[in-house]
Amino acid sequence: MLLTDVKRRRHLVTLAVGGELHLHTGVVKHDDLIGANEGITVRSSKGARLVAVRPTLSDYILEMPRGAQVIYPKDLGPILMLGDVFPGATVLESGVGSGALTTTLLRALGPTGRVIGYEIRDDFADRARRNVEGFLGEDVPLEIHVRDVYDGIDENGLDRVILDLPEPWRVVKHAESSLRPGGILVAYLPTIGQVARLREELEESAFGMEQSLEVLHRTWHVEGQSVRPDHRMVAHTGFLTSARLLVPSG
Ligand code: SAH
């Protein structure tokens with residue numbers, strides 16, 4: 001459950017019979033929440049009010065334990081659209097990192113789809129699997145291979161290849177031979193130099209219809225007469241680049 005107090009502080013908790021959540025605003029008994037409706041308000045032992053709901057995928061990603069830096073919900077939604085990730089799709093993802101994108105992909109492609117993850121660090125692969133299972137359960141169509149994607153991709157007929165690693169241009173040739181025609185490559189990159197390097201490599205490949213973009217997300221302060229953009233925003237996370245595998249014309 002996600003518990004939010006009057007100051008909008010958020011606490012993610014896995015409920016257990018007899019369990020207790022200790023906050024400096026008092027103790028909340030898990031038994032007060034188990035079996036209760038989502039959206040109820042509970043009181044801590046010191047009388048503090050907390051609203052309880054099931055976490056959304058965004059809530060979960062922002063609160064889950066991290067190994068590698070995650071891709072944020074702001075960019076995860078657009079990645080699903082740029083990659084046109086559909087139920088039943090077979091997607092190769094590399095690196096897997098903390099599993100934020102993996103969880104998002106698995107949820108979109110559903111039980112008939114498949115995510116094949118290539119991750120170079122076995123500790124990150126383990127962390128990612130635990131994070132995925134913490135939200136989606138153990139029965140997910142996910143296989144994670146501890147290997148370097150720059151060395152090649154074994155699978156064929158992939159629908160999508162989605163990359164979040166430093167040198168995605170080194171994966172373009174492998175993606176070219178592993179995607180089906182019309183398949184889509186998406187890469188998330190923090191700096192524009194990397195984007196330029198990737199675009200050069202795509203230019204020399206069978207990929208076409210390339211596009212690069214960034215997503216700006218500005219929240220607003222809404223309180224009585226004071227309705228205006230928040231003073232602070234996350235000005236930059238990363239750039240998204242996508243391309244489609246085309247059949248070369250004769
Ligand atoms: N998208 C992930 C975060 C990925 S961080 C998330 O949302 O949680 C980048 C990951 O790529 C790291 O875990 C790193 O170990 C891995 N990585 C870097 N180079 C790699 C390579 N050549 N092959 C496979 N994984 C790689």
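**Exercise 1.** State in which sense strand 5 and strand 6 pair, and describe the turn that joins them.

Solution. Strand 5 (residues 40–43) pairs with strand 6 in the antiparallel sense, over four bridges. Strands here are DSSP runs of E with at least two residues, helices are runs of H or I with at least four, and both are numbered from the N terminus. Two strands pair if DSSP finds at least two bridges between them. One bridge links Val 42 to Leu 50 in strand 6. The two strands form a hairpin with five residues between them, and Gly 47 in the turn has a positive phi of about 90°.

This is a predicted model, in which local features need pLDDT of at least 70, side-chain atom pairs count only at pLDDT 80 or more, and totals for chains, interfaces and linings use all residues. Residues are numbered from 1 along each chain as its sequence is written, and side-chain values use heavy atoms, with hydrogens and water left out.

**Exercise 2.** Find which side chains of strand 6 are buried.

Solution. Buried means under 20% relative accessible area, exposed over 50%, and partly exposed in between (1.4 Å probe, protein chains only). In strand 6 (residues 49–53), Leu 50 and Ala 52 point to one face and are buried. Arg 49, Val 51 and Val 53 point to the other face and are not buried. Val 53 is also the bridge partner of Leu 2.

**Exercise 3.** Describe the surroundings of Thr 103.

Solution. Thr 103 lies in helix 3 (residues 100–109). Thr 103 is buried, with a relative accessible area of 0%. Leaving aside neighbours within four places in sequence, Thr 103 is in contact (heavy atoms within 4.5 Å) with Leu 57, Val 132, Phe 135 and Leu 136.
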